[in-house]
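Work through the exercises below with the model open. Try each task before reading its solution.

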Amino acid sequence: MSDQIVLKGIHGFGYHGLFEQERVEGQDFFVDLELEVDLAPASLSDSIEDTVNYAEITDLVVEEITKDPVNLIEKLAARIAERVLNQHIKVISVTVTVHKPQAPVAAQLKDIAVVITRKR
């Protein structure tokens with residue numbers, strides 16, 4: 001299957017990280033999702049019931065970013081993927097990219113991100 005719904009740059013302010021400073025001050029996180037979904041039914045019916053409600057998924061991502069801090073963005077990405085698959089049965093697979101552009105590293109860089117894919 002090659003049908004996808006893509007959501008890019010979902011923003012939330014969270015307190016994830018290994019260091020106390022990250023847990024106290026927080027920082028911006030951005031999430032991209034690629035959802036593999038059979039879009040043929042929705043393309044014929046023009047009905048939201050035949051696809052995935054991406055507003056609901058966006059809200060889910062923001063909730064995960066802004067609650068229950070974790071040490072690693074790998075864990076955050078896995079939590080997001082698990083909730084998407086558990087709550088949206090039409091999603092066949094999900095690729096989650098969590099961006100942490102303000103990660104505390106010595107070098108100057110544009111972004112640090114992890115990418116995971118989970119399937120049914």
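**Exercise 1. Surroundings of Gln-27**

Leaving out neighbours within four places in sequence, Gln-27 contacts Gly-12, Phe-13, Gly-14, His-16, Glu-22, Lys-100, Gln-102 and Ala-103. Contact means heavy atoms within 4.5 Å. The model is predicted: local features need pLDDT of at least 70, side-chain atom pairs count only at pLDDT 80 or more, and totals for chains, interfaces and linings use all residues. Residues are numbered from 1 along each chain as its sequence is written, and side-chain values use heavy atoms, with hydrogens and water left out.

Task: place Gln-27 in the secondary structure, then decide whether Gln-27 is buried or exposed.

Solution.
- Step 1. Gln-27 lies in strand β2. Helices (H or I, at least four residues) and strands (E, at least two) are DSSP runs, numbered from the N terminus.
- Step 2. The relative accessibility of Gln-27 is 5%, so Gln-27 counts as buried. Buried means under 20% relative accessible area, exposed over 50%, partly exposed in between (1.4 Å probe, protein chains only).
- Step 3. Now take Ser-47, 20 residues from Gln-27 in sequence. The two C-alpha atoms are 38 Å apart in space.

**Exercise 2. A lysine in a loop**

Task: find the loop that holds Lys-100, and list what Lys-100 touches.

Solution.
- Step 1. Lys-100 sits in the loop between β3 (91-99) and β4 (113-119).
- Step 2. Its relative accessibility is 9%, so Lys-100 is buried.
- Step 3. Not counting residues up to four places away in sequence, Lys-100 touches His-16, Gly-17, Glu-22, Gln-27, Phe-29, Ile-73, Asp-111 and Ile-112.

**Exercise 3. The sheet**

Task: what is the strand order, and which strands stand at the edges?

Solution.
- Step 1. The open sheet has four strands in the order β1-β2-β3-β4, with antiparallel pairing. Two strands pair if DSSP finds at least two bridges between them.
- Step 2. β1 (4-14) and β4 are the edge strands. Each has a single partner strand, so one side of each lacks a neighbour in the sheet.
- Step 3. From one strand to the next, the twist averages 15°. Axes are lines fitted to C-alpha atoms, for helices over the stretch in contact, and angles run from 0 to 180 degrees between N-to-C directions.
- Step 4. β1 and β2 (residues 27-37) run antiparallel and are joined by nine bridges. One pair to check: Gly-12 has Phe-29 of β2 as its bridge partner.
- Step 5. Helix α3 packs on the sheet, touching β1 and β2, and its direction makes about 30° with that of β1.
- Step 6. Helix α4 lies across β2, β3 and β4, running at about 155° to β3.

**Exercise 4. Two helices crossing**

Task: at what angle do the axes of α3 and α4 cross, and which residues make the contact?

Solution.
- Step 1. The axes of α3 (residues 54-66) and α4 (residues 73-87) come within 10 Å and cross at roughly 145°.
- Step 2. From α3, the contact uses Ile-57, Leu-60, Val-61, Glu-63, Glu-64 and Ile-65. From α4 come Leu-76, Arg-79, Ile-80, Arg-83, Val-84 and Gln-87.

**Exercise 5. Salt bridges**

Task: trace the salt bridges of Glu-63, then find the network that Glu-63 belongs to.

Solution.
- Step 1. The whole structure holds seven salt bridges. A salt bridge is a side-chain nitrogen of Lys or Arg within 4 Å of a carboxyl oxygen of Asp or Glu.
- Step 2. Glu-63 pairs with Lys-67, the closest N and O atoms being 4.0 Å apart. Glu-63 is partly exposed, at 36% relative accessibility. Lys-67 is partly exposed too, at 31%.
- Step 3. Glu-63 also bridges to Arg-83, with the closest N and O atoms 3.1 Å apart. Glu-63 lies in α3 and Arg-83 in α4, so this pair ties together parts that are 20 residues apart in sequence. Arg-83 is buried, with a relative accessible area of 18%.
- Step 4. Glu-64 and Lys-67 meet in a salt bridge of 4.0 Å, N to O. Glu-64 is buried, at 2%.
- Step 5. Through shared partners, salt bridges join Glu-63, Glu-64, Lys-67, Asp-68, Arg-79 and Arg-83 into one network.
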